[in-house]
Amino acid sequence: MKNNYTADSNRYGTMRYNRCGKSGLLFPAISLGLWHNFGHADNFNTARDIIQSAFNQGVTHFDLANNYGPPAGSAEEVFGVILKKDFLAYRDEMIITTKAGYDMWDGPYGEWGSRKYLIASVNQSLKRMGLEYVDIFYSHRFDPKTPLEETMMALDHIVKSGKALYAGISNYTPDQTQRALDILRQLGTPCLIHQSRYSMFDRTVENGLLDMLEDNGVGIVAFSPLAQGMLTDRYLHGIPSDSRASKAHFLRPENITPELLIKINALNELASYRGQSLAQMATAWLLKDHRVTSVIVGVSSVKQLNDNIYTLKNTFFSAEEIEKIEAVLNSGN
Ligand SMILES: NC(=O)c1ccc[n+]([C@@H]2O[C@H](COP(=O)([O-])OP(=O)(O)OC[C@H]3O[C@@H](n4cnc5c(N)ncnc54)[C@H](OP(=O)(O)O)[C@@H]3O)[C@@H](O)[C@H]2O)c1
């Protein structure tokens, strides 16, 4: 195990930084997500290497949630250990985010959007990571049974009490989002960011959310940009034994259908014409839109991380390339 990490002095040389909506905060174009591969069930040294390599290349944003693991909570614990070992000197150079909304602990107060749950959860997250504050605290999902005012007032309280610097929302529809933004603005804690699933294979946010966020000066971070690995070369020749699909943890072998594989192969071919891996083309395709503040990738190795960061060498698409990609995505629908 490496000791006393010193960050690369050239770490800000190549990363691109994008302003988050109309806020003062800049995000790296590529962020790192700790949903998978950072729990107690995973290899600690690999996790530590990935985080060090990311930071060495200007990735300043690390995305967590209370329930990341497995087991739930363990990604925050592992990250807390790595922070303590390696990053204490760099805390002010990092954006660390967490969320609450999904099932976290037993009983009626361990999920959704009540003030009771959100405030207890942020306190637990801070303890697990050994932090005084997170940079962004998110409501992880809209709660249809709790008044939205209560959820937003809890976010406002968390920010005003110094436990988070900014508030964000995730997985809210355009209508829910507009209501949340209006409440937060009235409370004096404007929403910084919306975290949404967005990839070539899931374009739901193009149906109004992207425009609405831009109109409101709110940024957007895209999660699962590689469709959990399907928009990479991972599954071109079957299901590798160390892949997410083989663990059947959210992504299942049956999700990778023969029809989808035809598209993945065709996209892979287009990517190679561009001199990119499919993962790079899928990431670049998201970053070509100025409304996308950052793309949060998940990785299981430093090699994948490096491959994804290399995307920034080419995020330009010709009209012809876009047309060909659209044709593949729309084929067989
Ligand atoms: N707000 C929410 O509700 C929500 C939901 C989901 C995710 N997120 C956030 O978004 C982050 C990313 O989501 P995700 O993990 O689903 O993202 P993803 O980037 O779509 O998929 C990550 C997986 O793709 C494979 N991969 C990544 N780079 C690769 C490369 N260059 N070549 C080949 N394979 C590659 C790896 O699979 P293998 O593991 O098989 O190697 C990796 O685990 C999460 O960590 C989390 O922070 C948020």
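Let's start inside the sheet. Strand 6 and strand 7, residues 164-170, run parallel, and five bridges join them. One registered pair there: Val 134 stands opposite Ala 164 of strand 7. How does the chain get across? Strand 6, then helix 4, residues 148-160, then strand 7: together they make a β-α-β unit, and the unit is right-handed.

A caveat before I go on: this is a predicted model.

Now the other side of strand 6. Its partner here is strand 5, residues 95-100. The two run parallel, joined by four bridges. Lys 99 has Tyr 138 in strand 6 as its bridge partner. The connection from strand 5 to strand 6 goes through helix 3, residues 115-129, and this β-α-β crossover is right-handed.

So is strand 6 buried or exposed? It spans residues 134-139, and six of its six residues are buried. Mostly covered, then.

Let's zoom out to the sheet. Eight strands form a closed barrel, in the order 3-4-5-6-7-8-9-10, and the pairing is parallel. On average, neighbouring strands of this sheet are turned by 30° against each other, with direction ignored.

Where do strands 3 and 10 meet? Strand 3 covers residues 30-33, and three bridges pair it with strand 10 in the parallel sense. Within that pairing, Leu 32 has Val 297 of strand 10 as its bridge partner.

Next, the ligand. How many residues surround it? The count is 30. The closest are Gly 33, Trp 35, Phe 223, Gly 229 and Gly 298. Two elements give two or more residues to this shell: strand 10, residues 292-297, and helix 10, residues 302-309. Helix 10 gives the most, with three residues.

What is the shell made of, by class? Polar residues number 15, nonpolar 10, and charged five.

Last, the whole chain. It has 11 helices and 10 strands. Of its 333 residues, 44% are buried. The C-alpha atoms fill a box of roughly 50 × 50 × 40 Å along the principal axes.

Why call the overall fold compact? Look at the radius of gyration. A compact globule of 333 residues would come out near 20 Å, and the chain has 19 Å, so the two agree.

To recap: a closed barrel of eight strands with parallel pairing, right-handed β-α-β connections on either side of strand 6, and a ligand surrounded by 30 residues.

How values were computed: Residues are numbered from 1 along each chain as its sequence is written. This is a predicted model: local features need pLDDT of at least 70, side-chain atom pairs count only at pLDDT 80 or more; totals for chains, interfaces and linings use all residues. A residue is buried if 20 or more other C-beta atoms lie within 10 Å of its own, exposed if 12 or fewer, and partly exposed in between; C-beta atoms are placed from the backbone. Two strands pair if DSSP finds at least two bridges between them. A crossover is right-handed if, with the strands pointing away from the viewer, the path from the first strand over the helix to the second runs clockwise. A residue is near a molecule or strand if its C-beta atom, placed from the backbone, lies within 6 Å of it. Ala, Val, Leu, Ile, Met, Phe, Trp, Tyr, Cys and Pro count as nonpolar, Asp, Glu, Lys and Arg as charged, and the others, Gly among them, as polar. Axes are lines fitted to C-alpha atoms, for helices over the stretch in contact, and angles run from 0 to 180 degrees between N-to-C directions. The radius of gyration is taken over C-alpha atoms; the globule rule is 2.2 Å times the number of residues to the power 0.38.
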